[in-house]
Each structure stands twice: as structure tokens, then as C-alpha cells.
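Welcome to this guided tour. Open your viewer, keep the sequence beside it, and follow the stops one by one.

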Amino acid sequence: MTGIGIHDIAVATGHHVLELDDLAVQLGVDPAKYHVGIGQDAFSVPAPDEDIVTMGAAAAKQVVDRHGVEGIRTVLFATESGIDQSKAAGVFVHGLLGLPQNVRTVELKQACYGGTAALQLALGIVARNPAERVLVIAADVARYDVDTAAEPTQGAGAVAILVSADPDLIEIEPVAGLFTADVDDFWRPNDRSTALVDGRLSVSAYVDAFIGAWDDLASRGGPAYDTIDRWVHHQPFTKMALKAHRKLTQHVGADFDETELRTGFTYNRQVGNTYTASLWIALAAVLDLDDDLAGKRIGMFSYGSGSVGELVTGVVRPDHQRHRRVGAVRADLDARVRLSVPEYRALHAAGAATSEDTERPRVTAAPFRFSGVLGGARHYEATAAATATTATAAATATTATEAAGTAGE
Ligand code: HMG
């Protein structure tokens, strides 16, 4: 076995987009406050028949279509916008994807940090049995009350990460920097569908967690600052990564060149805050768009309000370019359907989870949809897009196999 880490990563997002220029007009705010002040251009909004399950399943389907289900015995679903207080969202995904029954499935929560906890659990499971692979899904819909300072920092999206031995993309290094502090910077009580937040406290709590996690990493023999070639961060808004990273460079006495972080902002500027998925969407952007990554070490900082921080490092595999998904996320972002502010506000008002029986209108173009609530239980179904993408994936796999066969002749 040559290391354990990220074998594949895929992204999915919502059907709609709200341009922050439109919100700026509505709120009478200078659009530069959004584009420059917080570093965001737009955010994804789920259709009425989308939620964390449909987005998570759409991301996971890409991974399963490419790699099959062999060896997957664990599905870890991280979210802080759970759709049931008991049943794990991953169980719905398990059913939609037709995964084998001999799988353990569970949901994890600690604000935006849950996806990183899932990754660490996955690494441990594969370390015990390198023949197993773990499907990690992180999906969230970030919702704040309208007409608040936090409104422009909403978003929606999901990632699926396949963790395996001898990974194609990134080998995760064994030492991580950890930090926990009990802080009331952001939380969502059980009777609310929108988060409560102390914005300024949340920014300083994030920075404290980043510095604290760095100090822990350094004290445990982690890599020196100047041996980390790229950085990605949890990005509630991309300016947050700049603020925190500037503080870290002051802390370690290094130069700060903010242009080095920009590739990791590319997708997040468009999807908004995706909570548990945010850091990993930044990583997906770097893997897709940076052509000089082979052998490079990436620092990955995860923050979840409340608060927990973790700093993980990984080294990009030499032939990672053969396995990346260039163009897929850009195509999904471009395909989103633009909403006016009144249309977005109407969806926002209707967006709270409900146990009342409802039938959802058919809107999404994604492979899975939330069809409604029946007898108090949520129901999901595959759409025509699921069959189409599976057929395309099968054809691509066949072509790749034939090409490999020809190359070997
Ligand atoms: P605000 O009231 O818009 O803040 O709230 P502001 O008035 O200070 O403006 C923001 C920035 O825009 C400032 O820059 C202004 O100068 C600048 P800074 O001083 O910060 O560098 N600005 C302009 N720039 C250019 N042209 C202009 C202009 N006007 C102003 N015309 C806040 C901002 C982030 C607090 C708010 O959006 C919020 O509460 N968001 C939600 C909380 C959040 O995202 N916190 C981040 C850290 S916590 C975290 O990451 C965890 C989280 O993801 C949840 C979880 O873990 O579960 C949230």
C-alpha cells in the first residue's frame, strides 16, 4: 500500500443561481461590497425538488459511475442542514444509488467541519482494511434570514469523495492540527430552518481556530510552512480565507501573496457557502484548474462554527491529471437557471423542511429529485437525467477500457 487518501472527488450544486448584483440592487448596497468586500459573485439556490440528499446523490453518482461500488462498505454523510432528526441522509443516497446492502451508513454533524471528520474516519477505516473504500458525502444548504448581513453568504452544494488506499489524486498525510473551543458564533436551534450568527465573532473564531490548528500541527511535527505549496480553506465567503491566511503568515513570519489563493476561490465565488462541502469544493477547483500540482503539498483548513478547526495536509499524486474532472463543475455552474430576487425570496420562504404531506413540482435537471412527503416521510426518485448520465458514464468507461487495451497491444 502506498498511502491512503482521495481517490476521486466530484461536485454538485443547486438548479438555480442568484446573482449578487441583483441582491445588491434590492438591498441598496454597492455591488463592490459583495465582489470585493466579501469576495462573492453569486450563490446557488436549490429548486423545490432539491435538497442535501439530491445534491449529495448527484455528486456521489459521478464517483460511483466512474469507479463502481466494489469495496465500498461505508457511506459517511456530513451535513448541518439535515432533513430528518433520526434517519441519516446517506441512507436515502444509498437507496438512490443502489449500493450493496452490506454497507454501514451514518450522518455526521459539527457545523461546517463535519466533512473533514468524515474524511478522517474514512482514512481510519481504510487503514484497518486497505481493500475497503469509503464514500464520503458532504452536502448543505446554507440559509440565513433575509434582510440580514448574512443573506449574501448563503449557498448550496455537495461533494462526494472516494477514500481509498493508493489513491489517484491526493495522499493525505498522517499528522493533522486540531482545535476545539466552545464559542457561540453560529448555531441553528432545532426549531429553526435558518442559522443564527454573530458575524464578527464568527470571523475572529475562525481565525483563532486556524492559528490554533496550525500551532498544533507544528507541535506534532507537521510540515514546515514553506514546504506547503498550495492552500485551500473553508470558505463561507472567499474573503474569509484571505483574512485568516494573512493572520497565519503574520503568525509564522512568512510573506503573504493573496493571488496564490485565487484558484481555490473559483467555484466558491459562484456557489456561495456550502458549509460542510465548502473546503472540498475549493480543493476540487485547485485539482481541476492548477496544471502544476504533481507532487505538491496542499494545506487544507476546515472550520466549523461552535467551534472546531482542523488543518490537514496532503501530497498530490504524480499522474493526478489523468483522473481529474476538468470542465464538469464549470458546465454545472453555467447550466444554473437565474432567479430574480422575488423568485429567490419566494423559494427561500418555502424552503423550510416540513413533515406535512406535499408533492413537489418537477423542476430540477439533476439525476435525482425530492418528490415530496407522504405519510410524513420524505420520498426521492431518479429522473431521466440519471439514466442519461449513467449511459454516458458507461460509454466513457468502455472507451477508456478499449483505449487502454489498444495501448497495451
Ligand atoms: P457585513 O455587515 O456585510 O460586514 O457582514 P461589513 O460591513 O464589515 O463588510 C464586509 C466587508 O466588505 C468589509 O471588509 C468592508 O470594508 C467591505 P473587511 O473590513 O472585512 O475587509 N466593504 C466594501 N468593499 C468594497 N467596496 C465597498 C464595500 N463596502 C464594504 N463598497 C459578515 C459580513 C461576514 C459578518 C456577514 O456576511 C455574516 O454574518 N455572514 C455569516 C457568517 C459567516 O460567514 N462567518 C464566517 C466565519 S464563521 C464560518 O466560517 C462558519 C460558517 O460557515 C458556518 C458553520 O461552520 O457552520 C458560517
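Two residues are in contact when they have heavy atoms within 4.5 Å. With that in mind, look at the whole chain: of its contacts with a separation of 6 or more, 75% are between residues 24 or more positions apart.

Before you select anything, a word on what you are looking at. This is a predicted model, where local features need pLDDT of at least 70 and side-chain atom pairs count only at pLDDT 80 or more, while totals for chains, interfaces and linings use all residues. Residues are numbered from 1 along each chain as its sequence is written, and side-chain values use heavy atoms, with hydrogens and water left out.

**Stop 1: the whole chain**

Colour the chain by secondary structure. Twelve helices and 18 strands make it up; helices (H or I, at least four residues) and strands (E, at least two) are DSSP runs, numbered from the N terminus. Zoom out, and the C-alpha atoms fill a box of roughly 55 × 50 × 35 Å along the principal axes.

What is the radius of gyration of the chain? The value is 20 Å, which agrees with the figure near 22 Å for a compact globule of 409 residues. This radius is taken over C-alpha atoms, and the globule rule is 2.2 Å times the number of residues to the power 0.38.

Now switch on the surface. The chain exposes about 17000 Å², and carbon and sulfur atoms supply 52% of that area. Such areas come from the Shrake-Rupley method with a 1.4 Å probe, and for residues only the protein chains shown count as cover. Of the 409 residues, 55% count as buried. Buried means under 20% relative accessible area, exposed means over 50%, and partly exposed is in between (1.4 Å probe, protein chains only).

**Stop 2: strand β1 and its partners**

Select residues 4-13, which form strand β1. Is this strand mostly covered or mostly open? It is mostly covered, with ten of its ten residues buried.

Add residues 155-165, strand β7: β1 and β7 pair in the antiparallel sense over nine bridges. (Two strands pair if DSSP finds at least two bridges between them.) To find a matching position, click I4, which stands opposite A165 in β7. Next add residues 170-172, strand β8, which runs antiparallel to β1 and is joined to it by two bridges. Here I6 has I170 as its bridge partner.

While you have strands on screen, show some side chains. In a regular strand the side chains alternate between the two faces of the sheet.

**Stop 3: a three-stranded sheet**

Hide the previous selection and show β3, β2 and β15. They form an open sheet in the order β3-β2-β15, with mixed pairing. Because β3 (42-45) and β15 (337-338) stand at the edges with a single partner strand each, one side of each is left without a neighbour in the sheet.

Start from β2, residues 16-19, which is joined to β3 by four bridges and runs antiparallel to it. On this side, E19 is the bridge partner of A42, and L18 stands opposite F43. Turn to the other side: β2 and β15 run parallel and are joined by two bridges, with H16 opposite V337.

**Stop 4: R317 and its surroundings**

Select R317, in the loop between β14 (308-316) and α10 (328-335). R317 is buried, with a relative accessible area of 14%. Leaving out residues up to four places away in sequence, R317 touches T2, D166, P167, D168, L169, I170, E171, A294 and G295.

One of those contacts, D166, deserves a click. D166 is in the loop between β7 and β8 and is partly exposed, at 42% relative accessible area. Its phi is near 50 degrees, a positive value in a residue other than glycine.

**Stop 5: more loops to visit**

Go to D147, in the loop between β6 (133-142) and β7. D147 also has a positive phi, of about 60 degrees, although it is not a glycine. At 54% relative accessibility, D147 counts as exposed.

Move on to S307, in the loop between β13 (297-304) and β14. The peptide bond from G306 to S307 is cis, with omega near 10 degrees.

Finish at G376, in the loop between β17 (368-374) and β18 (377-382). G376 counts as partly exposed, at 39% relative accessibility, and touches S355 and D357, not counting residues up to four places away in sequence. Draw a distance line from G376 to W231: their C-alpha atoms are separated by 44 Å, and the two residues are 145 apart along the chain.
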